[in-house]
Each structure stands twice: as structure tokens, then as C-alpha cells.
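Open the model in your viewer and show it as a cartoon. This short tour tells you what to select at each stop.

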Amino acid sequence: EKALLDAVRVRTNGRGVDLCVDLTGRTDAIAIGLRALRTGGTMKLVGSVVPAGDLAIDPMALVTRSLTVQGVHNYHPRHLHQALELVTDAKHHEAISRAVGARFALDDADVAFRAAHERAAHRVAIIFR
């Protein structure tokens with residue numbers, strides 16, 4: 001946890017991230033994501049669809065850091081199916097691929113974040129293989 005938060009701070013010059021999307025639904029991951037947010041940042045909770053226990057949140061931190069926490073659940077299972085089709089459809093993949101200026105392997109994620117931060121490429125993609 002500390003290493004991840006330190007890495008976020010280094011890569012964002014101490015600012016924190018604008019947006020954190022949690023797909024896990026794990027309260028420990030959500031807590032880390034909240035700490036990684038910049039002042040005015042937003043946390044989107046997508047994976048919290050089954051009971052996971054309580055999450056301790058300091059309301060003062062939400063207020064003084066102007067954080068937004070939003071649950072995202074108003075989708076139909078067909079939307080997930082459509083999203084997967086979009087990602088795997090060759091026509092759409094070509095269009096998405098043209099929009100990406102630089103690609104990096106997962107092992108080079110730190111280089112990718114630096115490139116995005118320095119605006120070395122219009123869009124940066126980290127390829128998971």
C-alpha cells in the first residue's frame with residue numbers, strides 16, 4: 001500500500017490522481033484509492049455489487065479534500081457484453097488503435113505514466129498480455 005501511494009505521489013508530483021475506478025469491490029482497495037486521489041478527485045465504485053463489509057471513511061477528508069465518491073450500477077448485463085464486443089471487434093480496435101499515440105507493456109507502466117504526464121503522446125495505452 002505505501003509503495004503504491006508513494007509511486008502515485010512521485011508520478012503525479014505529489015498531486016494525486018484525478019480519477020480512481022475500483023472494479024474489485026474490496027474495501028482495502030477502495031481505501032487505498034481514496035488516499036491516492038488529488039484534492040477534487042473522484043472515486044468511481046463499479047465493483048461493489050456484493051456485500052464486502054464496512055469501509056471507514058473520514059468525512060472531514062471528503063469535505064476538506066473536496067472528494068467525490070460515486071457508485072456506478074445502473075447498467076444492464078448486455079452493456080458489459082457490448083463493451084467486450086467493442087474491445088474485441090477488429091473494426092473498433094483499429095479506430096481505437098489509431099487514437100493511441102504510444103503503447104507500453106505492463107512492465108513499463110512507470111514509463112507510460114511518465115509519457116502521459118509529460119504529454120509525450122496524445123493517448124497512452126498499457127498493453128496487458
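Among contacts in the protein chain between residues at least 6 apart in sequence, what percentage join residues at least 24 apart? The value is 47%. Keep in mind that this model is predicted.

**Stop 1: the whole chain.** Select the protein chain and colour by secondary structure. Six helices and five strands appear. Starting at the N terminus, follow the order α-β-α-β-α-β-α-α-β-α-β. Now turn the C-alpha trace: along its principal axes it spans about 45 × 40 × 25 Å.

**Stop 2: the surface.** Switch on the surface of the protein chain. Its accessible area is about 9,500 Å², and carbon and sulfur atoms account for 58% of that. Of the 129 residues, 22% count as buried.

**Stop 3: the charges.** Colour the chain by charge. There are 17 positive and 14 negative charges, and their mean positions lie 5 Å apart.

**Stop 4: Asp 22.** Select residues 17-22, which make up strand β1. Asp 22 belongs to this strand. Is Asp 22 buried or exposed? Asp 22 is buried, yet has no salt bridge. Add Arg 26 to the selection: this is the nearest side chain of opposite charge, 7.6 Å away. A salt bridge needs a nitrogen–oxygen pair within 4 Å.

Next, show Thr 24. The side chains of Asp 22 and Thr 24 share a polar contact of 2.7 Å.

**Stop 5: around Asp 22.** Leave aside neighbours within four places in sequence. Select Ala 29 and Ile 30, then Met 43, Lys 44, Leu 45, Val 46, Gly 47 and Ser 48: Asp 22 is in contact with each of these residues.

Note on methods:
Residues are numbered from 1 along each chain as its sequence is written. This is a predicted model: local features need pLDDT of at least 70, side-chain atom pairs count only at pLDDT 80 or more; totals for chains, interfaces and linings use all residues. Side-chain values use heavy atoms; hydrogens and water are left out. Helices (H or I, at least four residues) and strands (E, at least two) are DSSP runs, numbered from the N terminus. Buried means under 20% relative accessible area, exposed over 50%, partly exposed in between (1.4 Å probe, protein chains only). Contact means heavy atoms within 4.5 Å. Accessible areas come from the Shrake-Rupley method with a 1.4 Å probe; for residues, only the protein chains shown count as cover. Lys and Arg count as positive and Asp and Glu as negative; His and the chain ends are not counted. The place of a charge is taken as NZ of Lys, CZ of Arg, CG of Asp or CD of Glu. A polar contact is a pair of N or O atoms within 3.5 Å; within protein, one must be able to donate a hydrogen and the other to accept it, and residues adjacent in sequence count only if both atoms are side-chain atoms.
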